[in-house]
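I opened the model to look up its helices, its sheet and its core. My entries follow in the order I made them.

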Amino acid sequence: MGFTEKQIKELNVQFTGFTPEEIISWAIENGQSPLVTTNFRPYEVAILHAVTAVQPDIPVIWADTGYNTPNTYRHAEELISRLALNVKLYVPQQTAAHRDIVMGIPGIDDPNHAKFTEQVKLEPFKRAMAEHQPDVWFTNLRKGQTALRNTLDILSLSKDGVLKVSPFYHWNDVQLDVYLEERNLPNEHKYFDPTKVLENRECGLHT
């Protein structure tokens, strides 16, 4: 899309008063190959609902680590069916059962944790992005989640120059709860990401 940092800053000021639907519509109108990524964590249903309401067939990239909770997998299946999501599933090249024998799930202070993260999340994600070559990437990043995300905004550029669009960036949990309730959308809080462990840690996708 070729926006400069100055243009993105100006748009972020403008978009502060826009609804998520208006932001999404603008991004899709100005992009050529948009996609949305998800891990079906809490409140992901909001971005999935909002984006597919504008473009029902948008590719939904799910890089499944293989270590999600049973609740998350059930939640994912419900949303895939209910929202008719065009899911493109990407999984690690080694099964979780095999990896459990080789290294298990390393703690964040274990030298193997970086290798584990690369295998179960970063490699499948990079593979997905390489295959789809998006110019617009919808995410559900929100202010207050991590220190890094506090430095971003509704629009930001990935390290590869893809325009990241986070329509709910300035929304808090209470606002999202209302959004879901008004639309009768389900949420699921029993979620665990073995690459992050702590909620305020980054896993590497947005650095």
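Entry 1, the last helix. I first looked up α7 and found L176, Y179 and L180 buried. Seen down the axis of α7, these buried residues fall within an arc of 95°, so they line one face of the helix. I then turned to the other side of α7, where V174, E181 and E182 are exposed. I also looked up what covers the buried residues of α7, and the cover includes α2 and α3. I note here that the model is a predicted one.

Entry 2, the ends of α7. At the N-terminal end I found a cap: a side-chain oxygen of N172 lies 3.1 Å from the backbone nitrogen of V174. Just after α7, I noted that N184 takes a positive phi of about 55°. N184 is not a glycine. I looked up its accessibility as well: N184 is at 58%, and exposed means over 50%, so N184 counts as exposed.

Entry 3, a second positive phi. I found that F40 has a phi near 60°, a positive value in a residue other than glycine. I placed F40 in the loop between β1 and α3. Is F40 buried or exposed? Its relative accessible area is 0%, and F40 is buried.

Entry 4, the sheet. I traced an open sheet of 6 strands with mixed pairing, and I wrote down the order as β3-β2-β1-β4-β6-β5. I then asked which strands stand at the edges. They are β3 (86–90) and β5 (155–157), each with a single partner strand, so one side of each has no neighbour in the sheet. From one strand to the next, the twist averages 30°. I looked at one pair in detail: β5 and β6 run antiparallel and are joined by 3 bridges. Within that pair, I found S156 opposite K164 in β6.

Entry 5, helices across the sheet. I checked which strands α3 lies across, and they are β1 (34–38), β2 and β4. The direction of α3 is at about 160° to β1. I did the same for α6, residues 112–132, which lies across β1, β2, β3 and β4. I noted an angle of about 130° between α6 and β3.

Entry 6, the nonpolar core. I looked up the largest nonpolar core and found 38 residues in it. Which of them touch the most other members? They are V36, L48, F138, L155 and V165. I listed the elements that give two or more residues to this core: α1 (5–15), α2 (20–30), α3 (44–54), β2 (59–63), α4 (70–82), β4 (136–138), β6 (163–165) and α7 (173–182). The largest share comes from α3, with 6 residues. Apart from this core lies another, of 8 residues, among them L35, I61, A128 and M129.

Entry 7, F138. I took F138 from the core and listed its contacts, leaving aside its neighbours within four places in sequence. F138 is in contact with I24, A27, I28, P34, L35, V36, T37, V51, I58, V165 and P167.

Entry 8, I47. I found I47 in helix α3. I47 has a relative accessibility of 0%, and buried means under 20%, so I47 counts as buried. Beyond its neighbours within four places in sequence, I47 is in contact with V36, T139, N140, P167 and F168. I also looked up its separation from K143: the two residues are 96 apart along the chain, and their C-alpha atoms are separated by 15 Å.

Entry 9, T38. I placed T38 in strand β1. T38 counts as buried, at 6% relative accessibility. I asked which side chain the side chain of T38 makes a polar contact with. The partner is the side chain of E44, at 2.9 Å. Leaving aside neighbours within four places in sequence, I listed E44, L48, V60, I61, W62 and A63 as the contacts of T38.

How values were computed
Residues numbered from 1 in each chain as written. Predicted model: local features only at pLDDT ≥ 70, side-chain atom pairs only at ≥ 80, totals over all residues. Heavy atoms only, no water. Core = buried A, V, L, I, M, F, W, Y, C linked by side-chain atoms within 4.5 Å. Buried < 20%, exposed > 50% of the residue type's maximum accessible area, 1.4 Å probe, protein only. Contact = heavy atoms within 4.5 Å. Pairing = 2+ DSSP bridges. Axes fitted to C-alpha atoms, helices over the stretch in contact; angles between N-to-C directions. Arc of directions from axis to C-beta. Polar contact = N/O pair within 3.5 Å; in protein donor to acceptor, adjacent residues only side chain to side chain.
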